[in-house]
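Biologist: I'd love a close look at one part of this model, with a walk through its surroundings if you have time. Could you take me through it?

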Amino acid sequence: MSTTKPRIGITLGDCAGIGPEIVETALKSGRVPKSADYKTIGKYPDCTPGHPTAETARAAGAALEEAVILGRRGELDAIVTGPIHKARMYDVGFKFPGQTEFFAARCGVKNVAMCLTGGKITVALVTTHIPLCEVPRALKQSEIVRVGLLLADFLSRLSSAKTDPASPAARGPRIAVAGLNPHAGESGRIGSEEIDIIAPAVEELNRSLSADHPSLFSGPYSPDTVFHRAIEGEFDAVLCMYHDQGLIPLKLHAFHEGVNVTLGLPFPRTSPDHGTAFDIAGKELARPDSMIAALNLAVELVEKRSKNQTT
């Protein structure tokens, strides 16, 4: 780990999308830390904005490969990834459901999770890029516990307990666990997953916490109210059972500031929480806010990791 400026590698994603312009605008905005060095990773073909090709998709994949190599070598302290178009990536041989799974595989890490944060909402996902009809079968108590512990660790590392007695790390992050079914199953009348899987996972999570890493999990809560409660300050994060359960409220609440962060990697990896937006690429309509937030979070995670290693 470098003791100098944090080294942040940035991939542009599919360069026919808005990735190049939001990166350029973000770096020139004056809203990212000057305490870091930023480096664009990858070689990108000449292209027309809004007109993706196989070459632009291949370039996006090659940039990811280069970035993860540099990250594993310790030549980058964090990676911020621009948006890719998954279907076009699949067409050129990309074998992963998304960038989260790509980084996990390339780093040889199985204990990873997809987390998103923006505004007053932070969510982590127990299941991610699978069809909705497969979620009930994929939902396991062990997976809820695994992702929940990663989320608790993330919240504790981000907070500043030593200076703020009310911060999550001082009192332990308050994490709400969402139910799977409407009304959290209505005591088993609208599904039994809450009783059979989710509630036992909440109990196991609270048993797993150590005295020096406090947290408080509660639930399962009805998904139609839990996010409002989080925004009101009752919870620091929500542990969600499937992809859209977490992403819909987050994007409704913080569409332009949402950040995707991969938990469990050997280095921080963040990304703006939006797609390639080919339809507005090159039209000077794309907002850089989410990219700015992703850069800020990456730098913050590096700096807090460095501080923890020296204390």
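In which handedness of crossing does α9 pass α10?

Modeller: Happy to, and please keep in mind that this is a predicted model. The crossing in which α9 passes α10 is right-handed. Helix α9 covers residues 223-231 and helix α10 covers residues 243-254; their axes lie 11 Å apart and meet at an angle of about 45 degrees. That angle makes α9 oblique to α10. On the α9 side, the residues involved are Pro223, Phe227 and Ile231, and they touch Gln245, Gly246, Pro249 and His253 of α10. Sorted by class, this contact holds four nonpolar and three polar residues, with no charged ones. The spacing along each helix is worth a thought: an α-helix has 3.6 residues a turn, so residues three or four places apart point the same way.

Now for the surroundings, starting with strand β7, which spans residues 216-221. Proline 220 sits in this strand, and the peptide bond leading into it from glycine 219 is cis, with omega near 5 degrees. That deserves a second glance, since most peptide bonds are trans.

Strand β7 also brings us to helix α8, whose buried residues pack against β7 as well as α5, α6, β6 and β8. Those buried residues are Glu193, Glu194, Ile197, Ile198, Ala201, Val202 and Leu205. Helix α8 has 16 residues (193-208), and its end C-alpha atoms are 21 Å apart, which agrees with the 22 Å they should span at 1.5 Å a residue.

One of the partners of α8, helix α6, runs over residues 141-158 and reaches 26 Å from its first C-alpha to its last, close to the 26 Å expected for its 18 residues. Its buried residues include Ile144, Val147, Leu151, Phe154 and Leu155.

The loops have something to offer too. In the one between β6 and α8 you will find serine 187, which has a positive phi near 55 degrees. Serine 187 counts as exposed because its relative accessibility is 70%, above the 50% cut-off. The loop between β10 and α11 holds alanine 277, again with a positive phi, about 50 degrees here. At 24% relative accessibility, alanine 277 counts as partly exposed.

Threonine 276 lies in the loop between β10 and α11 as well, and it counts as buried because its relative accessibility is 7%. Apart from its neighbours within four places in sequence, threonine 276 contacts Asp14, Gly17, Ile18, Pro83, Ile84 and His85.

Key: Residues numbered from 1 in each chain as written. Predicted model: local features only at pLDDT ≥ 70, side-chain atom pairs only at ≥ 80, totals over all residues. Heavy atoms only, no water. Helix = DSSP H or I, 4+ residues; strand = E, 2+ residues; numbered from the N terminus. Expected span 1.5 Å × (residues − 1). Buried < 20%, exposed > 50% of the residue type's maximum accessible area, 1.4 Å probe, protein only. Axes fitted to C-alpha atoms, helices over the stretch in contact; angles between N-to-C directions. Parallel < 35°, antiparallel > 145°, perpendicular 65-115°, else oblique. Left-handed = near helix turned anticlockwise from the far one by under 90°. Contact = heavy atoms within 4.5 Å. Nonpolar A, V, L, I, M, F, W, Y, C, P; charged D, E, K, R; others polar.
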